[in-house]
Every structure is written in structure tokens, then in C-alpha cells.
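Work through the exercises below with the sequence and the coordinates open beside you. Each task is followed by a solution that goes step by step.

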Amino acid sequence: MLLVAISAIAAACGGSSEEKPPGPLANHFDDMYIAQVPLDQKQDVVKTQNDWSIAKMEQAKAEADYNDSAAALEVAKNDAKSAHTTLDSAMTMKGTAEKSGDMNRTNQATKDERVAEDEAKAADEHVHYFEHYREFLKAYWRLTQETMYWREAQYELAKSQVAQKGGKAIANVKYEWFPNQEADRARRAAHWKDKTTQSKHDAEGARQKWLDMQKTADVESGHPQNYSTPDPMGAPAQASGQ
């Protein structure tokens, strides 16, 4: 009964195998067992090894991009703080203008407050966008981890298939380990591909919400807002002359 209760709690907490961080492969096929096989009979081994190498590089870049995004998010938050400070000042100036009884001054202060309020709202949405984008980068990093292990599993499978085709009987090695291992890692990678796609969709939605709010603020102010960090999902800037 205790084990059943623990299993139920784990399931309620999202304890499925796909959600747990990926670990190293359980089964590896030693290269020595196919060392004497001619290269032209190991083309799948070469291809899967190359795919695995590429996956490792992609994982390293995804990790670096996610880590770098922390600083960009903090900068966006600082921009929002600055916008709210400007709004606080505009509200104070409006109060002072209203006390003066000068309608021209009051009207201008009211306009300045409205502009500052819209810019503060846009800055807040800018932060939300960066938060969602960082979540997307986190999901993509996880996807690259899962893909890296899947590619490694394909490499181990390819080696085992060469040996199996050659009729090798190897002590303490079961050939069925490798297709099962590859299928499990493929399933995990597919699961995180779906989650990453959804996370990207969420980030794009947050970006559009910010862009709509920013457009309103820019119209009110009469000039575009220049943030300290570039739009990560926007079109990349091109070098002059291109």
C-alpha cells in the first residue's frame, strides 16, 4: 500500500520518465568488437557517430544560450523599473500641474502621464516576453540533451548491428538491449520536441502581445522605444551593404 501511495504521489507531481533529467545510456557497445570489420561495412556507424558529434555541439550551444538569457532578462527588468520611475515622476508632475490651476500645464502633464503609463505597460510586457523566451530556451536545451542521448543510442545500436550481422556472440552482451534503448531515447526526444514547440509558441504569443502594446506606446510618444537588449525572436540585424 505504501508503494502504491508513493507511485500515486510521483504521478501527481509529474514524475513521468520524460520529465526527469536525462542520464547516461545504460548500455554501450565496445568499439573493439567491430574494429576489424571493413569500413565500407560500417557506414551506418560512421553516420550515427557524426550525428552524435553534431548533437553534442548543439547541446553545448543551447546550454550557453540559456545561460546568457539570464542577463538579458535582468536588463529587461531594469528597463521596466526605469519606465515605472518615469511614470511615477509623470504622476507627480501632473498633481503639481493640477494644483497650479494652469490648464495648459495640466493638459501637457496629463498627456505626459498617459505616455509614461503606456510605456510602462509596454516595458512590463517586454519583461513577460523575455521570461517566456527564456522558458523556451530552457525547453530547447532539454530537447538538445535528449537528442544528444538519442543520437548516442543510435550510434551504439549501429555498432551492435554490425556485430550481430557478422554473427558475433559476445559474452555479457544482449543484442536486444540496443534497439530497446534507442526506442526509449527516441520517445523521450519526441516528447521534448513537442514541449519545445509549445514553449516556442507561447514565447511568440508573448512577443506579439508586447509588440502590440509597444506600438501603442510609440504612437503616444511619437518615437520608437529603444530597449537595452535586442528582440531575440526578431529578424536578425544585417550588416551594412547586405
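The exercises concern a predicted model, and they go from the whole chain to single residues.

**Exercise 1. The overall fold**

Task: Establish which elements the chain has, in what order they run, and how the radius of gyration of the chain compares with that of a compact globule of 242 residues.

Solution. Begin with the elements: the chain has four helices and zero strands, and from the N terminus on the order is α-α-α-α. Turn next to the dimensions, where the C-alpha atoms fill a box of roughly 100 × 65 × 20 Å along the principal axes. The radius of gyration of the chain is 28 Å, whereas a compact globule of 242 residues would have one near 18 Å. As for burial, 35% of the 242 residues count as buried, and the chain exposes about 15,000 Å², of which carbon and sulfur atoms supply 54%. Finally, consider the contacts with a sequence separation of 6 or more: residues 24 or more positions apart account for 87% of them.

**Exercise 2. Helix spans and what follows the helices**

Task: Compare the end-to-end distances of α3 and α4 with the spans expected at 1.5 Å a residue, and then examine the residues that flank these helices.

Solution. For α3, the 63 residues should span 93 Å at 1.5 Å a residue, and because the end C-alpha atoms lie 91 Å apart, the two values agree. For α4, which covers residues 177-221, the 45 residues reach 65 Å from the first C-alpha to the last, close to the expected 66 Å.

Now look at the flanks. At the start of α3, a side-chain oxygen of D102 comes to within 3.0 Å of the backbone nitrogen of N104. After α3 comes G167, with a positive phi near 75°, and just after α4, G222 likewise takes a positive phi, of about 85°. In the loop between α3 and α4 sits N172, a residue other than glycine that nevertheless has a positive phi, near 65°. N172 has a relative accessible area of 73%, and is therefore classed as exposed, the cut-off being over 50%.

**Exercise 3. A salt bridge within α2**

Task: Where do K77 and E74 lie, and how are they placed relative to each other along the helix?

Solution. Both residues belong to helix α2 (residues 43-100), in which they are three residues apart, or about one turn of the helix. Their side chains meet in a salt bridge with an N to O distance of 3.7 Å. To classify their exposure, note that partly exposed lies between the 20% and 50% cut-offs; K77, at 30% relative accessibility, thus counts as partly exposed, and so does E74, with a relative accessible area of 42%. This pair belongs to a structure in which a search finds 12 salt bridges.

**Exercise 4. The partners of E146**

Task: Which residues form salt bridges with E146, and what does each pairing connect?

Solution. Take R142 before R188. R142 forms a salt bridge with E146, the closest N and O atoms being 2.9 Å apart, and because these two residues are four apart in helix α3, about one helical turn separates them. R188 also forms a salt bridge with E146, again with the closest N and O atoms 2.9 Å apart. Here R188 lies in helix α4 and E146 in helix α3, so the pair ties together parts that are 42 residues apart in sequence. On burial, R142 and E146 are both buried, and R188 is buried as well.

**Exercise 5. Two buried residues and their contacts**

Task: Decide whether T147 and E182 are buried or exposed, and list their contacts beyond four places in sequence.

Solution. T147 lies in helix α3, which comprises residues 103-165. Its relative accessibility is 18%, so T147 counts as buried, given that the cut-off is under 20%. Leaving out residues up to four places away in sequence, T147 touches A55 and A189.

E182 lies in helix α4, and because its relative accessibility is 16%, E182 also counts as buried. Outside its neighbours within four places in sequence, E182 is in contact with W150, A153, Q154 and L157. As a further check on distances, E182 and A116 are 66 residues apart in sequence and 56 Å apart in space, C-alpha to C-alpha.

Technical notes. Residues numbered from 1 in each chain as written. Predicted model: local features only at pLDDT ≥ 70, side-chain atom pairs only at ≥ 80, totals over all residues. Heavy atoms only, no water. Buried < 20%, exposed > 50% of the residue type's maximum accessible area, 1.4 Å probe, protein only. Contact = heavy atoms within 4.5 Å. Expected span 1.5 Å × (residues − 1). Salt bridge = Lys/Arg side-chain N within 4 Å of Asp/Glu carboxyl O. Rg over C-alpha atoms; globule rule 2.2 N^0.38 Å. Areas by Shrake-Rupley, 256 points an atom, 1.4 Å probe, with all protein chains shown as cover. Polar contact = N/O pair within 3.5 Å; in protein donor to acceptor, adjacent residues only side chain to side chain.
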